[in-house]
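Trainee: Please take me closely through one part of this model, and then place that part in the rest of the chain. I would like the cut-offs spelled out as you go.

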Amino acid sequence: MSRIVLYPLPGATAQAGSIAEALRGRADVSIGGCTVHRFPDGETMVRVDPPPPGSQAVLVCSLNGPDAKTVPLLMAAATLRELGALQVGLVAPYLAYMRQDKRFEPGQAVSARIYGQLLSAHFDWLVTVDPHLHRIHDLAEVYALRSRVLHAAPRMAAWIAAEVEKPVIIGPDGESAQWAADVAARAGAPVLVVRKTRNGDEDVRSTIPDLHLHPDRTPVLIDDIVSSGRTLAAALDHLRAQHARPPVCVAVHGLFAVDALDVIRAAGATRIAVTDTVDSAAVAGVDRIPVGADLAGGVLDMVAAGCSRPDSSTSTPGDRP
Ligand code: R5P
């Protein structure tokens, strides 16, 4: 049986606990200590429990707010390797910087590629959930390590089917049509797709065609990420103008930057659900859809694959926005 030590970065204790719970009986799993001390001058000291001989070290860290987390994460990974871990893996339920996937303006950094190079230099493998794959179609394009991409669509669909009466699924934009159709098929619901134009961080316009075809259904807006909340808010505004039934919002990654939650609620969302990929404390009034068992399956696959040659076992859900 593989010996796996999960090391949660600060804030990821609950996520590591749910992965460990799902691994019990399938692997020899334990939780290792990983502490991060900030010196008054802003530098960081990382300390890890040494991995037992022959064990696989797995750092658990959701990469929302990535800049503060990345230096401790890389220091922990390098230290675990120095201390003899057989392999060093990363479970990043939310993977940062994937939306900056091209040089939109002259001189801009292509963050997805640079960040991918940075993490790839320190880890043997990566498990993540629905990274933002739009112009990048496969993580292997920007990550030179073995990776497993997990999809939240089945969990989201199960939640919708159980919690929402007569749903109609509304996808966030054209690029997500295939993904939205998948969630809808799993939930046994019809699907519509938003026409979206983004003119700035907080300036989003949306229209939803054919809503009148489903007057007796509850609109369920889905998206991969809620960051500023403006994408959902624009679609909610449009629903309100159409006198639709009170809508529900369901997303994979609830980043909820600054006032996002207030903005979404003010725009008319009656219920909001996100998966637990983001490690911020549970937000009051937001339903959580657990994915710990899926992450555990990904860890087992990566550990079983065993070697550290660059390879990707990514399966993409289609072209994502
Ligand atoms: C866009 O392509 C994504 O799928 C999301 O719709 C977007 O990132 C959400 O961002 P925000 O909440 O800031 O509108």
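**A salt bridge and its surroundings**

Mentor: Let's start where the side chains of Arg 81 and Asp 124 meet in a salt bridge, with 3.2 Å from N to O. The pair links distant parts of the chain, 43 residues apart: Arg 81 belongs to helix 2 (residues 66-82), while Asp 124 sits in the loop between helix 3 (111-120) and strand 7 (125-129). A salt bridge here is a side-chain nitrogen of Lys or Arg within 4 Å of a carboxyl oxygen of Asp or Glu. Helices (H or I, at least four residues) and strands (E, at least two) are DSSP runs, numbered from the N terminus.

Before we go further, a word on the ground rules. This is a predicted model, in which local features need pLDDT of at least 70 and side-chain atom pairs count only at pLDDT 80 or more, while totals for chains, interfaces and linings use all residues. Residues are numbered from 1 along each chain as its sequence is written, and side-chain values use heavy atoms, with hydrogens and water left out.

How do the two partners sit with respect to the surface? Arg 81 has a relative accessible area of 35% and is therefore partly exposed, whereas Asp 124, at 9%, is buried. Those words have fixed limits: buried means under 20% relative accessible area, exposed over 50%, and partly exposed in between (1.4 Å probe, protein chains only).

Now look at His 122, found in the loop between helix 3 and strand 7. His 122 is partly exposed, with a relative accessible area of 25%. Setting aside residues up to four places away in sequence, His 122 touches Leu 74, Ala 77, Ala 78, Arg 81 and Val 88; contact means heavy atoms within 4.5 Å. Arg 81, our salt-bridge residue, is thus one of the residues that His 122 touches. His 122 and Met 75 are 47 residues apart in sequence, and their C-alpha atoms are 9.0 Å apart in space.

From the other side of this meeting point, take Ala 77, which lies in helix 2. Ala 77 is buried, with a relative accessible area of 0%. Leaving aside neighbours within four places in sequence, Ala 77 is in contact with Leu 59, Val 88, His 122 and Phe 123. The C-alpha atoms of Ala 77 and Phe 123 are separated by 7.0 Å, although the two residues are 46 apart along the chain. Val 88 appears among the contacts of Ala 77 and also among those of His 122.

For context, here are some other salt bridges, of which the structure holds twelve. The side chains of Asp 294 and Arg 155 meet in one, at 2.7 Å from N to O. Asp 294 lies in helix 8 (residues 292-305) and Arg 155 in helix 4 (residues 153-163), so this pair ties together parts that are 139 residues apart in sequence. Asp 294 is partly exposed at 23% relative accessibility, and Arg 155 is partly exposed at 34%. Glu 21 forms a salt bridge with Arg 24, where the closest N and O atoms are 3.9 Å apart. There, Glu 21 counts as exposed at 54%, and Arg 24 is partly exposed at 47%. Glu 163, Arg 271 and Asp 287 are linked in a network of salt bridges.

Two backbone details may also interest you. Tyr 97 has a positive phi of about 70° although it is not a glycine; Tyr 97 lies in the loop between strand 6 (87-92) and helix 3. Phe 256, not a glycine either, has a positive phi of about 45° and lies in the loop between strand 14 (248-254) and helix 7 (260-266). Tyr 97 is partly exposed at 29%, whereas Phe 256 is buried at 13%.

Finally, the whole chain. There are eight helices and 16 strands. The radius of gyration is 20 Å, close to the 20 Å that the globule rule gives for 321 residues, so the chain is as compact as a globular protein of that length; the radius is taken over C-alpha atoms, and the rule is 2.2 Å times the number of residues to the power 0.38. Buried residues make up 52% of the 321 residues. Of the contacts between residues at least 6 apart in sequence, 69% join residues at least 24 apart.
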